[in-house]
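Trainee: Hi, have you got a few minutes to go through a model with me? I'd like to start with the terms.
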Amino acid sequence: MIDWLDQTLWMPFTDFGFMRRALIAGFALSISAGPVGVLLLLRRMSLMGDALSHAVLPGAAIGYLVAGLSLWAMGIGGLVAGLLVAMMAGFTSRRSRLREDASFAGFYLISLAGGVMIVSLRGSSIDLLHVLFGTILAIDANTLYLIAGISSVTLLVLAVIYRPLVMECFDPEFLRTVKGRGGWAHHAFLLLVVLNLIAGFQSLGTLMAVGMMMLPALVARLWTSALGSMMLLSVLVGCAASLIGLVVSFNAGVASGPAIVLSAGAFYLISLVISPGGLLGRQHR
Amino acid sequence: MSEALVTLDNLTVKRGGRAVLSGIHGCFERGSMTAIMGANGAGKSTLLKSVMGLLPSAQGRVIRTPHDLDIAYLPQQAAIDHSFPVSVGEVVAMGAWQRVGGFGALKQREWRRQVAEALARVGFDDISKRSIGALSTGQFQRVLFARLLLQNAEMVLLDEPFAGVDAATTRDLLALVCEWHQQGRTIVAVLHDINQVVRHFPATLLLAGRQIAWGNSEEVLSTEHLQQALGMSGSAEQSEGSRL
Ligand SMILES: Nc1ncnc2c1ncn2[C@@H]1O[C@H](COP(=O)(O)OP(=O)(O)OP(=O)(O)O)[C@@H](O)[C@H]1O
Ligand SMILES: [Mg+2]
């Protein structure tokens with residue numbers, strides 16, 4: 001028994017550098033994507049993360065076409081594309097009849113199709129798979145630095161803008177009447193969302209990255225109703241999902257990105273049933 | 001002698017392309033206590049929002065003296081998500097925003113004391129740790145009044161502060177409003193209960209998309225004016241002495 005545990009849980013990480021790096025990348029990602037996801041959730045923007053993750057695609061694809069599998073080219077391309085879509089969606093929702101979610105939908109659908117087309121111009125379907133689903137098992141030291149850097153920056157910025165951000169989210173009208181400006185906090189926050197998606201897509205791919213952002217946040221929301229503990233719990237769930245997902249992926253020989261997100265998904269489904277805020281809980285009634 | 005805090009200079013406000021408030025002319029003097037009355041859709045909330053600067057004026061002006069006049073505002077329906085994970089104490093502490101800002105430090109003990117004090121004034125024991133989802137409508141309204149207390153503003157605008165609130169809570173909160181008035185603060189409140197207005201509010205502004213009358217409450221709330229405010233139906237008799 002002990003032997004078996006040792007073989008399945010411990011050995012992959014002691015014997016293989018790529019597994020260690022993948023695990024650390026997963027932890028670093030969880031530490032920042034969890035709190036960001038919690039805030040997205042509370043702003044009722046859960047699906048916005050999804051939209052933004054698609055919006056990143058054409059930028060990353062152009063970066064890939066220009067410079068190949070270059071971390072920086074794809075990262076910067078994705079960042080620019082994501083911010084562009086976020087800004088355009090925000091701008092058009094203020095100036096037209098469409099609400100923000102609707103104009104987001106419009107732009108990200110264009111982005112997604114554009115991204116796939118750009119990849120298909122020159123790349124093979126393997127390239128496409130790489131961009132869409134990432135390669136957490138091929139993370140090198142540089143990628144790790146990038147992810148850890150984004151994670152640290154995210155936590156720092158969140159700590160600084162925390163109060164205006166939460167106020168703007170909770171009662172924006174009040175913030176306006178006391179002449180507080182919440183707009184810039186909102187923009188800084190969208191920047192953090194895009195940055196975390198970039199960090200995520202290096203390891204999990206554009207389609208999976210948002211899973212690590214939202215699923216742990218949903219689990220946390222189901223279990224607690226204090227903001228601080230929600231953020232902490234989302235981090236723990238993300239880390240646990242990374243570990244479990246990697247172990248399963250290694251031992252069962254399945255793709256690591258989906259395995260990690262599915263682990264988080266399992267936490268979500270279980271919580272949905274047994275948590276205080278879930279189906280069997282009574283707190284929400 | 002008396003000094004105008006907010007002057008409405010022939011104010012017209014458009015919403016959705018339509019003038020919903022036009023030709024409002026008058027002022028709220030320092031230390032005055034004014035009720036705003038009118039039927040649903042008369043433009044009462046629109047007027048408060050204009051005074052707050054939340055809506056642009058299509059014609060005329062809102063003049064605040066001094067320019068950065070400190071005004072606290074309780075909206076008709078605060079767009080607040082009651083399932084949001086914040087505690088009562090945190091909501092009340094938001095009232096200190098203007099003094100503290102987004103980044104300024106609050107001394108833990110100091111703000112705890114202020115929050116507890118404000119909650120006590122609205123009739124609560126220290127419930128600052130409780131989450132807001134656990135409060136009833138009336139209890140939540142008391143919490144919002146506690147936040148107003150912390151704001152400590154010179155002028156207070158209240159949009160139907162007692163809607164959906166029971167008699168006991170209304171009595172307590174109304175007493176608090178009268179106390180603010182005695183402290184020399186300027187009060188403007190949208191209300192529907194004519195008895196309440198006549199008893200507690202020296203001045204009234206009666207609206208029906210335009211200004212029907214503005215001045216001494218008893219004079220403003222004459223049958224003739226009320227008939228105008230309600231439209232031509234002549235049903236003022238029914239509403240007299242009760243609700244508008
Ligand atoms: N967001 C909006 N867009 C367009 N028109 C609006 C909007 N809000 C209010 N109106 C219109 O403006 C007019 C005045 O609305 P307002 O909310 O000021 O009325 P009110 O006197 O506060 O009514 P109530 O007693 O129902 O609160 C109404 O005719 C309403 O249809
Ligand atoms: Mg109103």
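Mentor: Sure. A polar contact is a pair of N or O atoms within 3.5 Å; within protein, one must be able to donate a hydrogen and the other to accept it, and residues adjacent in sequence count only if both atoms are side-chain atoms. This is a predicted model, where local features need pLDDT of at least 70 and side-chain atom pairs count only at pLDDT 80 or more, while totals for chains, interfaces and linings use all residues. Residues are numbered from 1 along each chain as its sequence is written, chains are lettered from A and ligands numbered from 1 in the order in which they are written, and side-chain values use heavy atoms, with hydrogens and water left out.

Trainee: Okay, which backbone oxygen lies 3.1 Å from a polar atom of the Ser249(A) side chain?
Mentor: That of Val254(A). Ser249(A) itself lies in helix H12 of chain A, residues 227-252; helices here are DSSP runs of H or I with at least four residues, strands are runs of E with at least two, and both are numbered from the N terminus.

Trainee: Is Ser249(A) buried or exposed?
Mentor: Buried, because its relative accessibility is 4%. Buried means under 20% relative accessible area, exposed over 50% and partly exposed in between, with a 1.4 Å probe and protein chains only.

Trainee: And how many helices and strands does chain A have?
Mentor: Chain A has 13 helices and zero strands. Of its 285 residues, 53% count as buried.

Trainee: What about H6(A), which residues does that helix cover?
Mentor: Helix H6 of chain A runs over residues 100-122 and reaches 34 Å from its first C-alpha to its last, close to the 33 Å expected. The expected span is 1.5 Å times one less than the number of residues. Among the buried residues of H6(A) are Phe104(A), Tyr108(A) and Ile118(A).

Trainee: Switching topic: which residues come nearest to ligand 1?
Mentor: Of the 15 residues around ligand 1, Asn40(B), Gly41(B), Lys44(B), Ser45(B) and Thr46(B) come nearest. A residue is near a molecule or strand if one of its heavy atoms lies within 4 Å of it.

Trainee: What gives the most to that shell around ligand 1?
Mentor: H1(B), with three residues.

Trainee: How far are the polar side-chain atoms of Thr46(B) and the others from ligand 1 oxygens?
Mentor: For Thr46(B), one such atom lies 2.5 Å from an oxygen of ligand 1. The N or O distance is 2.7 Å for the side chain of Ser45(B) and 2.9 Å for that of Gln76(B).
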